[in-house]
Amino acid sequence: MPVLTFDMTTGNHQKRRFEFRGKNNADFYDGDLQPLSTNDVEMKIEKSVAGDYSIYLLTSRTGLSFRRSWTHIRNDKTDMTIFWFVRRGTITISRAGVRHVINPHECTITRSSRAFYMELVPDTGGQLEAMHVAVPSHLLLAILSDNAEVGKPIPASRGDVSVTERMLTMLFEEDAELDPEIAEKMATTLITELGRTVARYLGTPVAGRSIADKRVGDISRYINQHFSNPDLNAKIVAANCGISLRYLCHVLKRNDLSFSNLLWEKRMSTAHDWLRDQNMQHYSISEIAYQAGFKSSAHFSRMFKAHYDVAPREFRSVQAAHFAIDQ
């Protein structure tokens, strides 16, 4: 379940507004937080974590302001990108003479490396609600340009952004019920695609998405889906990706990749994970070899030992012993 990381009331707001970053200043980035009115202050922030990503839900009955100045930036070098999803109320973001209003069913971004002023105002029913995701900016370097415009509203009522918000909400609400590794992988995929979508709306170039790069993605995806076929080869993959064998080799070489390495690395890593998984213990090593696309268990054993410097049977025994100790 989400954890309450910050709350502010009429009686404590003078002190609490300096404590919104949580214990050891681990959350957000530095700035001046204030209620727009000191009457009936009731604001809270809940948090869930999915790997490198923190998901927050902010709710408030009073308006709030937040200012991130160049003084804050110089003193606090935290480099974060925040994706905001407005659900109730409005958020107004002003920067360098430009003012944007983000309404319900819209999203936007803020960045700790940019100075800005933000106002968060409840709706006519007196409710403000915004979900936001804090992402270390270095994870977005290849996706979202540093020049992406802070505060520009992006539609979030349908399409990719809407689906992403719903799935992030699920991660936020169900974090305690999810395997941490699965939650992190889901969050990584969602944030990566959200970054690409935001980049398109903001008119900034998206790195790594040339036609040739898209083809690499198509090739890798087909291999990952069909690696268990022992007869899979580059010609089959090229045909199913709608390209020639020559072009397949060209785009892989351009990215310092080879078909053989992609295929066998996928087979080896999958077999490795299966041998380690206690839920796969009822499969023999031969069965795992065949399901991972190897034509013989002897071939699998030779490649596994060459790759991991241990025989499959020995590796499985060690993993089983570790599991027994942990239990």
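**Close-up 1. The exposed and buried sides of helix α7 in the predicted model.** Arg246, Lys253 and Arg254 are exposed residues on the face of α7 that is turned away from the buried side of this helix. The buried residues of α7, which spans residues 245–254, are Leu248, Val251 and Leu252. These buried residues lie on the same side of α7, because they cover an arc of only 100° around the axis. An α-helix has 3.6 residues a turn, so residues three or four places apart point the same way. Just after α7, the backbone at Asp256 takes a positive phi of about 55°.

**Close-up 2. The crossing of helices α3 and α4.** Helix α3 (residues 159–174) and helix α4 (residues 180–202) have axes that come within 10 Å and cross at roughly 155°, an angle that makes α3 roughly antiparallel to α4. The crossing of these two helices is left-handed. On the α3 side, the contact is made by Asp160, Val161, Thr164, Met167, Leu168, Met170 and Leu171, while α4 contributes Ala183, Met186, Ala187, Leu190, Ile191, Leu194, Thr197 and Arg200. Sorted by character, the residues of the contact of α3 with α4 comprise eleven nonpolar, two polar and two charged.

**Close-up 3. The surroundings of His13 in helix α1.** His13 belongs to helix α1, which runs over residues 13–16. With a relative accessible area of 7%, His13 counts as buried, because buried means under 20%. When residues up to four places away in sequence are not counted, His13 touches Met8, Pro35, Thr38 and Val41.

Notes. Residues are numbered from 1 along each chain as its sequence is written. This is a predicted model: local features need pLDDT of at least 70, side-chain atom pairs count only at pLDDT 80 or more; totals for chains, interfaces and linings use all residues. Side-chain values use heavy atoms; hydrogens and water are left out. Buried means under 20% relative accessible area, exposed over 50%, partly exposed in between (1.4 Å probe, protein chains only). Helices (H or I, at least four residues) and strands (E, at least two) are DSSP runs, numbered from the N terminus. The arc is that of the directions from the helix axis to the C-beta atoms. Axes are lines fitted to C-alpha atoms, for helices over the stretch in contact, and angles run from 0 to 180 degrees between N-to-C directions. Angles under 35 degrees count as roughly parallel, over 145 as roughly antiparallel, 65 to 115 as roughly perpendicular and the rest as oblique. A crossing is left-handed if the near helix is turned anticlockwise from the far one by less than a right angle, and right-handed if clockwise. Contact means heavy atoms within 4.5 Å. Ala, Val, Leu, Ile, Met, Phe, Trp, Tyr, Cys and Pro count as nonpolar, Asp, Glu, Lys and Arg as charged, and the others, Gly among them, as polar.
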